[in-house]
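Grab a coffee and work through a few short exercises on backbone geometry and accessibility. Try each task before you read the solution.

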Amino acid sequence: MWPRLFVLLILLTACGVETEEGGPTPASPSVPRNFPPVPVPGDNLLTQEKFELGRQLFFDKAFAKDYSVSCGSCHQPAAGFADGGKAVSTGFHGLTGTRNAPGLTNTAYLDSYLWEGGVPTLEKQALAPIVNPVEFNIHPDTLVMRIAMNPVYPPQFEEAFGSREVTLERITKSIATFERFLISGNSEFDKWNRGEPNQMTASAKRGFDVFFGESGDCFHCHVGFNFTDNDFHNNSLAAVYSDPGRYLLTSRDEDIGKFKTPTLRNVALTAPYMHDGSIGTLEEVVRHYNSGGKHHPNADILMRPLGLKEDEMADLVAFLESLTDTSFTNQPNLQPPD
């Protein structure tokens, strides 16, 4: 199903490109000084009007064929924009998929989307759940009609795009604009790292040393300001993978079991973990990596028993918990609109 979905996403977004820009109020997210500028495509510049429209659309259950779920149902602010506590999410008619809904923290900085990296932009990613039969399961034309018939929306589209016309492209551009404002960089770790007053614990500081040292080896994949290399790895989660991961996209045997490295920002809020939600807690995640995982021919070269002691593993968990940014998860303009 997924290879056909990739083709459909490309076709749906290749049918003409609007040249008009959004409303009259340029906008940009607040970015920490050690972060690079948020990447923004030239045909979807950030405006306040598009942000507000995208926020409204993100939390609207009219996206599901049966009006049961919205983007925000599986990407909840309090859970770091993941699906708090669920291994896999519930979509149309109570159906479930096979993958864990990733958090959307700093999603603007990613260079591909979905666990196997099959979608190159946020605009195209917004299409994926629309056409997926176990997520929204709605025909794009039906969705456009629903949005156009809601009297709340046409004035917002006019403010954002210069006319009241509702199109699929405008819908996805608006949602992508909202998602580019999901910037998190004010955790206790960030405050400590910037030399500001903070509540970083002694255990978390020791965990920092484990994380960025050769004993933990975490920093090789979870690197940089966003704690991800934006690459794909087989982390020895299984000896046989029912979901082949990046292989779905490339059809190369060496890509079986490889999935995109997620950011670790707000990771304490996004349990359960891994592409399938099969590991319930951070403690279990650390134990998985400490054990070296299960043997697989495509396992990353860094997957090996680490030999961390109990106190080192506890410190590592404390460091991961220090990456929680409550100012982000509680930010008023990122919550469902009234």
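Below are some ground rules, then the exercises with their solutions.

This is a predicted model, where local features need pLDDT of at least 70, side-chain atom pairs count only at pLDDT 80 or more, and totals for chains, interfaces and linings use all residues. Residues are numbered from 1 along each chain as its sequence is written, and side-chain values use heavy atoms, with hydrogens and water left out.

**Exercise 1.** Find out whether the peptide bond from Ala 271 to Pro 272 is cis or trans, then place Pro 272.

*Solution.* Start with omega: it is near -5 degrees, and the bond is cis. Next, the location: Pro 272 sits in the loop between strand S2 (259-260) and helix H12 (282-291). Helices here are DSSP runs of H or I with at least four residues, strands are runs of E with at least two, and both are numbered from the N terminus.

**Exercise 2.** Look at Phe 81: what is the sign of its phi, and is the residue buried or exposed?

*Solution.* Check phi to begin with: Phe 81 isn't a glycine, yet phi is positive, at about 60 degrees. Then find its place, the loop between helix H3 (71-74) and helix H4 (122-125). Finally, accessibility: Phe 81 has 0% relative accessibility, so it counts as buried (under 20% relative accessible area; exposed is over 50%, partly exposed in between, with a 1.4 Å probe and protein chains only).

**Exercise 3.** Do likewise for Leu 114.

*Solution.* Phi of Leu 114 is positive, near 75 degrees, and this residue is not a glycine either. Leu 114 lies in the loop between H3 and H4. With a relative accessible area of 21%, Leu 114 is partly exposed.
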